[in-house]
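Thanks for making the time. I'll go through one structure this morning, and it helps to keep the picture open while I talk.

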Amino acid sequence: MSKILVTGGAGFIGSNFIRILIGQGTHQVVNLDALTYAGNLESLHDVAADERYSFVRADITDVPAIRTAFEQHKPDIVVHFAAESHVDRSVLDATAFVNTNVVGTQVLLDASRANSVQRFVHVSTDEVYGSLGPTGAFTEETPLAPSSPYSASKTGSDLLVRAAFHTHGFPCVTTRCSNNYGPYQFPEKLIPLMIMNALADKNLPVYGDGKNVRDWIYVTDHCKGILAVMEKGRDGEVYNIGGRSEKRNIDVVKTLLAILGKSESLITYVTDRPGHDFRYAIDNTKIRNELGWEPDHTFETALRQTVEWYASHIEWCDRVRSGAYMEYYEKQYGQRLG
Ligand code: NAD
Ligand code: DAU
């Protein structure tokens, strides 16, 4: 049984990933997370008592804390999700993005090397490639051209991972995925924000003309891609992951309203995001051919499931919106969130 240290496991994708790992029953999982505003341990309530799961509260920029966590837990594998992940926040203030995404990644690489970690899986994003025009798709050879402070900081982390492989021969592999949706996503991101607002009959703020395109993937399909890379990916390589499901934002929003039976009059066009990338699209040929990965979900079916999940988890949504989710850590672990 290998021991996997997952950073950022209290976030959206990390919590879905941990649920899959625990479900497999073949790994011990250490969830290391600082519990920023985006970290929600309630999302892992169903696995928290499993004997193969443990939680460590630590900030990946805190060198002594990370050193101690690695020495105590001695992970075989690190899967690194922890990041500041929201583009709009990076436009307002890039500081935490540089600290966590760039500095924090180097701290983890150093601790992993010092503790002979056998594989470091770095979870990155298609945003490192910048923006596409109306045609074409990102391959692993597409030049890096990030356009927001978020994507620039993720690019910095990708390059540090690359350097750890080339300089030290450290066994790292990087994934770059497109836009995820599904259960437990923080409602600052397009799909959960629009679902929660529509359920409450609030306005749905669409940036610009709504014609920007994103390539959507259901979160568990992304997680299974990361698992395939963790198990079979080649050291030093990059693997793009994407659902080949391009949609204009306005079409996503109208589809959500149709599923919920709500009026399109809720749509409100608002000032565009500064530097808003026009279009993302992933060419997923490499991971399909080399690792045999395929997405299991179509956008149409999984979007409906996602709407149903939020509609049937109103308490989770309310506690996220009110901030009450932060009390969970205090009750469960007897410590205050500082
Ligand atoms: P999220 O914002 O939901 O979760 C981030 C998690 O990291 C939170 O639990 C937070 O508490 C933790 N964290 C933040 N700073 C930390 C620090 N300094 N130390 C320890 N923990 C810290 O993010 P997400 O949407 O789940 O994304 C996870 C990863 O996947 C990120 O690296 C992101 O760049 C990447 N990614 C996301 C998407 C997407 O569509 N959401 C797509 C491709 C790649
Ligand atoms: O492509 C992968 C990336 O996808 C990840 O690396 C990021 O962590 C993740 O946040 C996501 O970035 P985006 O900026 O594409 O996601 P977001 O949900 O913020 O926005 C999706 C699109 O919807 C984008 O074109 C902006 C638009 N939008 C977003 C919000 C929050 C709106 O029109 N209105 C909104 O209120």
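I'll start with ligand 1, where strand S5 gives the most to the surrounding shell, with three residues. Before I go further, please keep in mind that this is a predicted model.

S5 covers residues 119-125, and it shares the work with helix H1 (12-24), helix H5 (149-168) and strand S7, each of which supplies at least two residues of the shell around ligand 1. In total, 28 residues surround ligand 1, and the closest are Ile13, Asp33, Ser85, Tyr150 and Lys154. By class, that shell has 14 nonpolar, eleven polar and three charged residues.

Which atoms lie 2.6 Å from an oxygen atom of ligand 1? One is a polar side-chain atom of tyrosine 150. Another is a polar side-chain atom of lysine 154. Phenylalanine 12 uses its backbone instead: an N or O atom there lies 3.0 Å from an oxygen atom of ligand 1. As for how much of the ligand is covered, ligand 1 has 840 Å² of accessible area on its own, and the protein covers 96% of that.

Now ligand 2. There are 24 residues around it, and Thr125, Asp126, Tyr150, Arg273 and His276 come nearest. You will recognise Tyr150, which was also listed among the closest residues to ligand 1. Here an N or O atom in the side chain of tyrosine 150 is 2.6 Å from an oxygen atom of ligand 2. For histidine 276, the distance from a side-chain N or O atom to an oxygen atom of ligand 2 is 2.6 Å. Threonine 125 has a polar side-chain atom 2.7 Å from an oxygen atom of ligand 2. The protein covers 94% of the 690 Å² of accessible area that ligand 2 has on its own.

The shell around ligand 2 divides into ten nonpolar, eight polar and six charged residues. Helix H6 and strand S8 each supply at least two residues of that shell.

That brings me to H6 itself. Is this helix largely enclosed or not, and why? H6 runs over residues 190-199, and eight of its ten residues are buried, so the rest of the structure largely encloses it. The buried ones are Ile191, Pro192, Leu193, Met194, Ile195, Met196, Asn197 and Ala198. What do they pack against? On the strand side, the partners are S7 (179-181), S8 (204-207) and S9 (213-218). The helices are H8 (249-260), H10 (299-311) and H11 (314-322). After H6 comes aspartate 201, whose phi is positive, near 55°.

Next, salt bridges. A search of the whole structure finds 18 of them, and I'll show three.

In the first example, glutamate 188 pairs with arginine 89, with the closest N and O atoms 2.7 Å apart. Glutamate 188 is in the loop between S7 and H6, and arginine 89 is in helix H3 (residues 87-92), so the bridge ties together parts that are 99 residues apart in sequence. Glutamate 188 counts as buried at 14% relative accessibility, whereas arginine 89 is partly exposed at 33%.

In the next example, glutamate 237 meets lysine 286 at 2.6 Å, N to O. This pair also links distant parts of the chain: glutamate 237 sits in the loop between helix H7 (219-232) and strand S10 (238-241), and lysine 286 in helix H9 (residues 285-291), 49 residues apart. Glutamate 237 is partly exposed, with a relative accessible area of 21%. Lysine 286, at 19%, is buried, because the cut-off for buried is under 20%. Salt bridges that share partners join Arg234, Glu237, Lys286 and Glu290 into one network.

In the last example, the side chains of aspartate 50 and arginine 52 meet at 2.6 Å, N to O. Aspartate 50 is partly exposed, with a relative accessible area of 21%.

Arg52 leads to my final residue, histidine 27, since Arg52 is among the residues that histidine 27 touches. Leaving out residues up to four places away in sequence, the others are Met1, Ser2, Ile4, Leu21 and Met230. Histidine 27 is in strand S2 (residues 27-33), and it counts as buried at 10% relative accessibility. Its side chain makes a polar contact of 3.1 Å with that of serine 2 and another of 3.4 Å with that of glutamine 24.

That is where I'll stop.

Methods:
Residues are numbered from 1 along each chain as its sequence is written. Chains are lettered from A and ligands numbered from 1 in the order in which they are written. This is a predicted model: local features need pLDDT of at least 70, side-chain atom pairs count only at pLDDT 80 or more; totals for chains, interfaces and linings use all residues. Side-chain values use heavy atoms; hydrogens and water are left out. Buried means under 20% relative accessible area, exposed over 50%, partly exposed in between (1.4 Å probe, protein chains only). Helices (H or I, at least four residues) and strands (E, at least two) are DSSP runs, numbered from the N terminus. Contact means heavy atoms within 4.5 Å. A polar contact is a pair of N or O atoms within 3.5 Å; within protein, one must be able to donate a hydrogen and the other to accept it, and residues adjacent in sequence count only if both atoms are side-chain atoms. A residue is near a molecule or strand if one of its heavy atoms lies within 4 Å of it. Accessible areas come from the Shrake-Rupley method with a 1.4 Å probe; for residues, only the protein chains shown count as cover. Ala, Val, Leu, Ile, Met, Phe, Trp, Tyr, Cys and Pro count as nonpolar, Asp, Glu, Lys and Arg as charged, and the others, Gly among them, as polar. A salt bridge is a side-chain nitrogen of Lys or Arg within 4 Å of a carboxyl oxygen of Asp or Glu.
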